[in-house]
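Here are my notes on the model you sent. They are numbered so that you can reply point by point.

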Amino acid sequence: MAVNLTKGQRISLEKEAGTSLTTVVMGLGWDIKKAKGGLLGSFLGSKKEQAIDLDASCILFDDAKNPLDLVWFRQLQSKDGSIVHTGDNRTGEGDGDDEQIIVQLSRVPVNVKTLVFTVNNFTGQNFENVENAFCRIVDQRSGKEIAKYDLSCGGQHTAMVMAKIYRHNGEWKMHAIGDYSHGRTVQDLLPAIMPSL
């Protein structure tokens with residue numbers, strides 16, 4: 001059974017998975033918050049401009065906290081090919097993961113110490129307009145969900161530093177960060193990421 005992470009919690013991915021891991025998937029899902037009932041609510045809920053475009057990104061850092069590479073909707077693959085973004089979902093429609101980042105742990109270069117996962121709202125609305133938002137880590141080989149982190153917290157923020165996966169004593173661990181921030185793209189989040197490294 002998957003671990004429901006709380007802010008600040010750290011886990012060993014392999015211990016929770018119960019097996020050695022080669023490839024994990026970071027999934028991001030969300031829905032647009034339904035408008036309140038009544039005539040005005042149905043009118044507002046039907047407007048096309050209410051679409052919310054959350055974007056998942058992954059930044060690769062070395063041991064000295066230097067950013068080495070970035071995987072996001074404008075670069076769907078890391079330069080070494082170990083991390084792949086499956087594509088940009090601009091609405092959050094559908095069940096399950098709306099965006100996925102696939103990480104081949106065994107291929108991540110040895111100089112990469114930390115992978116930081118972020119989410120930002122490209123369309124600029126704050127998280128009060130989002131519901132059922134989550135990020136999760138899945139063992140790609142078995143399909144088993146290892147850990148899940150609820151992002152449906154409301155608030156005035158437009159972005160979040162979700163979590164990081166990092167090497168520690170020869171194994172991959174996960175830290176649920178959950179720090180709120182602001183920004184339309186992942187580059188806007190770098191100042192908020194640095195304290196978590």
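The points below go through the sheets, the cores, the aromatic rings, the cysteines and one loop proline.

1. Status of the model. This is a predicted model. Everything that follows should be read as computed from that prediction.

2. The antiparallel sheet. One open sheet is built from six strands in the order 2-12-11-8-4-5, with antiparallel pairing. Its edges are strand 2 (10–12) and strand 5 (67–71), each of which pairs on one side only. Neighbouring strands in this sheet are turned by 20 degrees against each other on average, direction ignored.

3. The strand 2 edge. Strand 2 is joined to strand 12 (residues 171–181) by three bridges, and the two run antiparallel. To find this place in the viewer, start from isoleucine 11, whose bridge partner in strand 12 is methionine 174.

4. The strand 5 edge. At this end, strand 5 pairs with strand 4 (residues 54–61) over four bridges in the antiparallel sense. Isoleucine 59 has leucine 70 in strand 5 as its bridge partner. Strands 4 and 5 form a hairpin with five residues between the strands, and lysine 65 in that hairpin takes a positive phi near 70 degrees.

5. The mixed sheet. A further open sheet has six strands in the order 1-10-9-3-7-6, and here the pairing is mixed. Strand 1 and strand 6 are the edge strands, each pairing on one side only. The twist from one strand to the next averages 15 degrees.

6. Where parallel and antiparallel pairing meet. Which strand pairs with strand 1 (residues 3–5) in the parallel sense? The partner is strand 10 (residues 145–150), and three bridges connect the two. Leucine 5 stands opposite tyrosine 149 in strand 10. Strand 10 also pairs with strand 9, this time in the antiparallel sense and over five bridges. Within that pairing, arginine 136 is opposite lysine 148 of strand 10. The hairpin of strands 9 and 10 has five residues between the strands, and glycine 143 takes a positive phi near 80 degrees there.

7. Strands 3 and 7. Further along the mixed sheet, strand 3 (residues 23–32) runs antiparallel to strand 7, with six bridges between them. Glycine 27 has glutamine 100 as its bridge partner in strand 7.

8. The nonpolar cores. The largest nonpolar core contains 41 residues. Leu13, Val103, Leu115, Phe117, Leu151 and Met162 have the most contacts inside it. Apart from this core lies another, of 12 residues, which includes Phe73, Ile177, Val186 and Leu189.

9. Around phenylalanine 117. Leaving aside residues up to four places away in sequence, phenylalanine 117 touches Met26, Ser57, Cys58, Ile101, Val103, Val161, Met162, Ala163 and Ile165. Val103 and Met162, in this list of contacts, are also among the residues with the most contacts inside the largest core.

10. Aromatic rings. The count comes to two aromatic pairs. How are the rings of phenylalanine 73 and phenylalanine 122 arranged, edge-to-face or stacked? Their centres are 5.5 Å apart and their planes stand at 75 degrees; planes over 60 degrees apart count as edge-to-face, so this pair is edge-to-face. The pair links distant parts of the chain, 49 residues apart: phenylalanine 73 is in the loop between strand 5 and strand 6 (83–85), and phenylalanine 122 in the loop between strand 8 and strand 9 (130–139). Trp72 joins Phe73 and Phe122 in one aromatic cluster. Phenylalanine 122 has 22% relative accessibility, so it counts as partly exposed, buried being under 20%.

11. Cysteines. The structure holds zero disulfides. Cysteine 58 has a relative accessible area of 0% and is therefore buried. Cysteine 135 is also buried, at 3% relative accessibility.

12. Proline 109. This residue lies in the loop between strand 7 (99–104) and strand 8 (114–121). Is proline 109 buried or partly exposed? Its relative accessible area is 23%, so proline 109 is partly exposed. Proline 109 touches Asp80, Ser82 and Arg167, not counting residues up to four places away in sequence. Glycine 81 is 28 residues from proline 109 in sequence, and the C-alpha atoms of the two are 9.9 Å apart.

Definitions and conventions
Residues are numbered from 1 along each chain as its sequence is written. This is a predicted model: local features need pLDDT of at least 70, side-chain atom pairs count only at pLDDT 80 or more; totals for chains, interfaces and linings use all residues. Side-chain values use heavy atoms; hydrogens and water are left out. Two strands pair if DSSP finds at least two bridges between them. Axes are lines fitted to C-alpha atoms, for helices over the stretch in contact, and angles run from 0 to 180 degrees between N-to-C directions. A disulfide is a pair of cysteine sulfur atoms within 2.5 Å. Buried means under 20% relative accessible area, exposed over 50%, partly exposed in between (1.4 Å probe, protein chains only). Contact means heavy atoms within 4.5 Å. A nonpolar core is a set of buried Ala, Val, Leu, Ile, Met, Phe, Trp, Tyr and Cys residues joined through side-chain atoms within 4.5 Å. Rings of Phe, Tyr and Trp (its six-membered ring) pair if their centres lie within 6.5 Å; planes under 30 degrees apart count as stacked, over 60 as edge-to-face and the rest as tilted.
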